[in-house]
Amino acid sequence: MKYFVRYGEIGIKSPKIRRKFENNLINNIQTELDCTFDNNQGRLTLITDEDDEKVRDVLNRVFGIVSYSPIRETITDYDTITELIQEVIPETIKSDIFNPETDTFAVRCRRVGNHDFTSQEMAGFCGSVVIKECQAKVDLSNPDFTLYVEVREDKTYIYTQKIQCLGGLPVGSQGRVVCLISSGIDSPVAAFNMLKRGCSVTLLHCDNAPYTTGSIDKVLKNVENLKRYSLGADIRVYSVDYGKYLEYVLEKAPPRMTCILCKSGMYQIAEILAKKENAKAIVDGSSIGQVASQTLDNIEATRYHCRMPILSPLICMDKIEIENVAKTIGTYETSIIPDSGCAAVPKHPETHADMDLFKDIVERINQKDILEDVSKTFKLLD
């Protein structure tokens, strides 16, 4: 079988960078598929003996692909093109892709190279073959079914489907980031979005035990889902014994500041891990105003002591949008499994932190020292 594999924004890169990204994309696909590629003027053709169902499963999970099409190939000759169309049309009818009794159709033709016909002339010729084969009606503006014909020099390709994919950039093309991951809905979606932008991902779970229970199992289940979308780059997962820091905060700081100090500490712990992992940024699942620590005042405070860039890919998404992505990638059902929640959350958390007061509290409780101590408990989970 052969498939056209189409990319999007890779095509606007300089020739040198485009070749690099193309190779990255090909390598990622080949981590799960036994296949070869023909790269002809930016057109990637995947060639494989693998089962079609497996090919589709893999291509649907590879970032950097905009769409793909199973293709049939013949030589650029009117008679052989006719014969191929006469094979393809009955197959599409049999598989319920096309019903000529009720569906209209159109032919879309592209042409590369020098030929004694135009694209429009070839489309008209192929359309006449379809009509002779099944007597379907033509609708060039809004067809129910489209037959695609691509002529490239002495080869002609015919296909009937353009299967939409994830888009984005190939995983591993943009360096590594450390993503904070909890047992909730948001953070796995944030990690997924960073994979879409071509980043390799290291996940860090701050284990709040004894203030939370049951979160590790949920995190690991969601990691397995995320790994399906990280072809070509390992996802590494760490945990850190963060309950020790929370206990210290509850003892030393005003209760209303617990959530702000908690998030502030998470960023700084992630920064320590990022340096070990040679990562370039920290990622979280913040969405403006969603919880107490995510008001603009508190976002400013919690990030103040972290020197590394902090990226929040969900910052302007609402809960329904985030949940829809979680359902699509398979993390939602795990994330909504009930757990203990966090017993350290105060009854009245601070929602608009005063920066001078916050900095004073951080210095007074020697936050940096306790976080350095906690960072010694990093554990690689997978």
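Which residue just after α5 takes a positive phi? Keep that one in mind while we take a walk through this structure, which is a predicted model.

Let's start with the sheet. Six strands make it up, lined up in the order β14-β13-β10-β11-β12-β15. The sheet is open, and its pairing is mixed. Now look at the two ends of that row: β14 (310-311) and β15 (379-380) are the edge strands, and each has a single partner, so one side of each has no neighbour in the sheet.

Next, zoom in on one pair. Strand β10, residues 176-180, runs parallel to strand β13, residues 281-283, and three bridges join the two. If you want a spot to find on screen, look for C179, which sits opposite V283 in β13.

Now for the helices. Helix α8 covers residues 258-277 and lies across β10, β11, β12, β13 and β14. Its direction makes an angle of about 150° with β10. One residue to pick out in α8 is S264. Is S264 buried or exposed? Its relative accessible area is 0%, and anything under 20% counts as buried, so S264 is buried. Skipping the neighbours within four places in sequence, S264 is in contact with T302, H305, F358 and Q367.

Finally, visit helix α5, residues 186-196. This helix is mostly covered, with ten of its eleven residues buried. Among them are P188, V189, F192 and L195, along with D186 and N193. And that brings us back to the opening puzzle: just after α5 comes G198, the residue with a positive phi of about 90°.

Conventions: Residues numbered from 1 in each chain as written. Predicted model: local features only at pLDDT ≥ 70, side-chain atom pairs only at ≥ 80, totals over all residues. Heavy atoms only, no water. Pairing = 2+ DSSP bridges. Helix = DSSP H or I, 4+ residues; strand = E, 2+ residues; numbered from the N terminus. Contact = heavy atoms within 4.5 Å. Axes fitted to C-alpha atoms, helices over the stretch in contact; angles between N-to-C directions. Buried < 20%, exposed > 50% of the residue type's maximum accessible area, 1.4 Å probe, protein only.
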